[in-house]
Each structure stands twice: as C-alpha cells, then as structure tokens.
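Work through the exercises below with the sequence and the model side by side. Try each task before you read its solution.

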Amino acid sequence: MITETYLIYLILASLIIVYVGNECYKNGRVYITNYFPNDEKFANGINNVLRTAYYFMNLGLVVWTLKSLRNINTYQELILEIANRLSFILFIIAFLHAINLVTIYKSHSLFKQKKS
C-alpha cells in the first residue's frame, strides 16, 4: 500500500504547490509592481525568482519527505499519513510566503534608500 500512498501524496502535494504558486505569482505581481513602479522589469524579475524558489523548495521538500513514509496497512493510516504530510507542506508554504513578504518589503526599503 506504500506505492498508493506515494502516488496520492505526490499528486495532491504537487497540485497544491502549483496552484498556490500560480496564485501567489499572479496576485503578487501587483504587490511587487506597486513597490517598484518605475522599474517593471525589476519587479517581474523578483516575482519570477520568488516563484522559481518557491517551486524548488516545496517540490524538493515533498520528494525529500518520501523517504520517511511509514508502512501503511489500512486506508485509515493512508489518509492520516497523507493529511499529516500535506499539513506540513501547507505550513511550509505559509512560512515561505511570510518570508517572501518580508524580503520584498526589505528590498523595497533598500531600493528607496538608494534612489534618495
């Protein structure tokens, strides 16, 4: 039953990561562009780097956590294991989002100081 757990976990985690990444990319563009209104290329570059780093971190974490899956014998254990791992991934996504917001804010502050 471990193979089914791998597949379900990989599919669900990947779908969540790609969905959240695309939403943050689309909506974050407005946010980042607001910080750098005179340099749209720079804002788009930051947004692309954030999305790429987000995908690498989270998809890498999903693959890395595969090695520690418990032996699954029942469907109840399968559901619990996947829910536990997906909640961890969602926590990491939220944490990375907070780091991104702080990084963008600090970058904006430094960018403003440079222009002054």
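## Exercise 1: a charged pair inside α3

R85 lies in helix α3. This is a predicted model, where local features need pLDDT of at least 70, side-chain atom pairs count only at pLDDT 80 or more, and totals for chains, interfaces and linings use all residues. Residues are numbered from 1 along each chain as its sequence is written, and side-chain values use heavy atoms, with hydrogens and water left out.

**Task.** Decide whether R85 is buried or exposed, then find the residue with which R85 forms a salt bridge.

**Solution.**
- Step 1. Set the classes: buried means under 20% relative accessible area, exposed over 50%, and partly exposed in between (1.4 Å probe, protein chains only).
- Step 2. R85 has a relative accessible area of 12%, so R85 is buried.
- Step 3. Set the pair criterion: a salt bridge is a side-chain nitrogen of Lys or Arg within 4 Å of a carboxyl oxygen of Asp or Glu.
- Step 4. The partner is E81, with the closest N and O atoms 2.6 Å apart.
- Step 5. E81 is also found in helix α3. Helices are DSSP runs (H or I, at least four residues), strands likewise (E, at least two), numbered from the N terminus.
- Step 6. R85 and E81 are 4 residues apart in helix α3, so about one helical turn separates them.
- Step 7. E81 has a relative accessibility of 4% and therefore counts as buried.

**Task.** List what R85 and E81 are in contact with, leaving aside neighbours within four places in sequence.

**Solution.**
- Step 1. Contact means heavy atoms within 4.5 Å.
- Step 2. For R85, the list is Y9, T65, S68, L69 and R70.
- Step 3. For E81, the list is L69, R70 and I72.
- Step 4. L69 and R70 appear in both lists.

## Exercise 2: the other salt bridges

**Task.** How many salt bridges does a search of the whole structure find? Describe those outside α3.

**Solution.**
- Step 1. The search finds 3 salt bridges.
- Step 2. The side chains of E23 and K26 meet in one of them, at 3.3 Å from N to O.
- Step 3. Both E23 and K26 lie in helix α1, 3 residues apart, about one turn of the helix.
- Step 4. E23 is partly exposed at 26% relative accessible area, whereas K26 is exposed at 51%.
- Step 5. E40 and R29 also meet through their side chains, at 2.7 Å from N to O.
- Step 6. E40 lies in helix α2 and R29 in helix α1, so this pair ties together parts that are 11 residues apart in sequence.
- Step 7. E40 is partly exposed, at 43%. R29 is partly exposed too, at 32%.
- Step 8. A general point applies: side chains of opposite charge can pair when their charged atoms come close.

## Exercise 3: the fold and its cores

**Task.** Which elements make up the chain, and in what order do they run?

**Solution.**
- Step 1. The chain has 3 helices and 0 strands.
- Step 2. From the N terminus on, the order is α-α-α.
- Step 3. The C-alpha trace spans about 65 × 20 × 20 Å along its principal axes.
- Step 4. Residues 24 or more positions apart supply 75% of the contacts with a separation of 6 or more.

**Task.** Find the residues that touch the most other members of the largest nonpolar core.

**Solution.**
- Step 1. A nonpolar core is a set of buried Ala, Val, Leu, Ile, Met, Phe, Trp, Tyr and Cys residues joined through side-chain atoms within 4.5 Å.
- Step 2. The largest core has 17 residues, and Y9, I17, V62 and I89 touch the most other members.
- Step 3. α1 (2–35), α2 (40–65) and α3 each supply at least two residues of this core.
- Step 4. α3 gives the largest share, 7 residues.
- Step 5. A second, separate core of 7 residues includes Y35, F36, L50 and I104.
- Step 6. Return to Y9: beyond its neighbours within four places in sequence, Y9 is in contact with V62, T65, L66, I82, R85, L86 and I89.
- Step 7. Across the chain, buried residues make up 29% of the 116 residues.
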